[in-house]
Amino acid sequence: MALEDQARHLGTGLQAAQLQGCWQLEVVWPKGSQRASAFSGWLLRGLAARLEIDLDGDGLLLCNAVNLGALELRFRGRGRLQGRRPLLLFSFDRLELGLGGRVLLQRELPAPAAKRMPFFALISRDTQGLLAARGRGGGLALWRLMPGSGG
C-alpha cells in the first residue's frame, strides 16, 4: 500500500519502453481484499495468462492472452500512458482464437465509450521484473516479466 500511495501522490516516472515485453500474471488481489486470491492466481497461472506490450510509431500495442494446451485466446488492441502515475489506458479491438499457432477465428470488438475505457493504474516496476498495477475494477495485479522478452 505504501508503494501505491507514493505512486498516487508522486507518480512512478514509468515510460512506455519500461513496459515493453511479455508479462506473466503472478498474483491477483480482489477489490478491497488484503489477501491474494489463491484460486484466481492458480487458475490464471495455469492458463499462462499474460499481457504482451510492444511499441510502434503510434504508441503501445497490447495483447492479453491465455492458453489451454494448444488452444489460445487473444485480445489485441492499442494503449497509451496518461498522467504522472501513469495510467495505462487501453482498448482491445480484436479477438482471436487459435490452435497450434493457426488462427481459427477472428472478430472485431466494439470500442468502449471514452469514459469507460479500461485502464491499469501503474504502481511499480522494479529492477527484478515485477510490475504492480490496479485495474479499473479495483483489483490489484502483480506480473513478472518473462526472461528475454524485453523491458
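Q: How many salt bridges does a search of the whole structure find?
A: Happy to start with the charges. This is a predicted model, and side chains of opposite charge can pair when their charged atoms come close. Searching the whole structure for such pairs gives a total of eleven salt bridges.

Q: Which residue forms a salt bridge with Arg8, and how far apart are the closest N and O atoms?
A: Look in helix α1, residues 2-10, where Arg8 and Glu4 are four residues apart and so are separated by about one helical turn. Arg8 counts as partly exposed at 43% relative accessibility, while Glu4 counts as buried at 5%. The partner of Arg8 is Glu4, with the closest N and O atoms 3.4 Å apart.

Q: Which residues are linked with Glu4 and Arg8 in a network of salt bridges?
A: The pair in helix α1 does not stand alone, as a network of salt bridges includes both Glu4 and Arg8. The other members of this network are Arg85 and Arg134.

Q: Is Glu96, which forms a salt bridge with Arg76, buried or exposed?
A: In this salt bridge the closest N and O atoms are 3.0 Å apart. Glu96 lies in strand β5 and Arg76 in strand β4, so the pair ties together parts that are 20 residues apart in sequence. Arg76 is partly exposed, at 25%. Since the cut-off for buried is under 20% relative accessible area, Glu96, at 7%, counts as buried.

Q: What is the N to O distance in the salt bridge of Arg74 and Glu72?
A: Arg74 counts as buried, with 11% relative accessibility. Glu72 counts as buried too, at 19%. Their side chains meet in a salt bridge with an N to O distance of 2.9 Å.

Q: Which strand gives the most to the lining of the second largest pocket?
A: This pocket holds about 270 Å³ of space and is lined by 16 residues, with Leu25, Arg50, Asn64, Phe120 and Trp143 nearest its centre. By type, the lining divides into 14 nonpolar residues, one polar and one charged. At least two lining residues come from each of β1, β2, β3, β4, β5 and β9. With three residues, the strand that gives the most is β3.

Q: How many nonpolar residues are in the lining of the largest cavity?
A: The largest cavity has a volume of about 30 Å³, and its lining includes Leu19, Leu51 and Ile53. Strands β2, β7 and β8 each supply at least two of the lining residues. With no polar and no charged residues in the lining, the nonpolar count is nine.

Q: What is the relative accessible area of Leu68, one of the residues in the nonpolar patch on the surface?
A: The patch is formed by Leu68, Leu71, Leu99, Leu104 and Leu105, and together they have about 440 Å² of accessible area. Leu68 is placed in strand β3. Leu68 is exposed, with a relative accessible area of 60%.

Q: Which residue is joined to Arg85 by a cis peptide bond?
A: Most residues other than glycine have a negative phi, and most peptide bonds are trans. Ala48, in the loop between α2 and β2, has a positive phi near 55°. The cis bond, with omega about -20°, leads to a residue in the loop between β4 and β5. The residue joined to Arg85 is Pro86.

How values were computed
Residues are numbered from 1 along each chain as its sequence is written. This is a predicted model: local features need pLDDT of at least 70, side-chain atom pairs count only at pLDDT 80 or more; totals for chains, interfaces and linings use all residues. Side-chain values use heavy atoms; hydrogens and water are left out. On a 1 Å grid over the protein atoms alone, a cavity is a set of points where a 1.4 Å probe fits but cannot get out, and a pocket is an open set with protein on both sides within 12 Å along at least five of seven lines; lining residues have an atom within 4 Å of a point. Grid points are joined across faces, edges and corners, and a volume is the space filled by probe spheres set on the points. Ala, Val, Leu, Ile, Met, Phe, Trp, Tyr, Cys and Pro count as nonpolar, Asp, Glu, Lys and Arg as charged, and the others, Gly among them, as polar. Patches are made of residues with over 30% relative accessible area and no salt bridge: like charges are joined within 9 Å, nonpolar side chains (Val, Leu, Ile, Met, Phe, Trp, Tyr) within 5 Å. Accessible areas come from the Shrake-Rupley method with a 1.4 Å probe; for residues, only the protein chains shown count as cover. A salt bridge is a side-chain nitrogen of Lys or Arg within 4 Å of a carboxyl oxygen of Asp or Glu. Buried means under 20% relative accessible area, exposed over 50%, partly exposed in between (1.4 Å probe, protein chains only).
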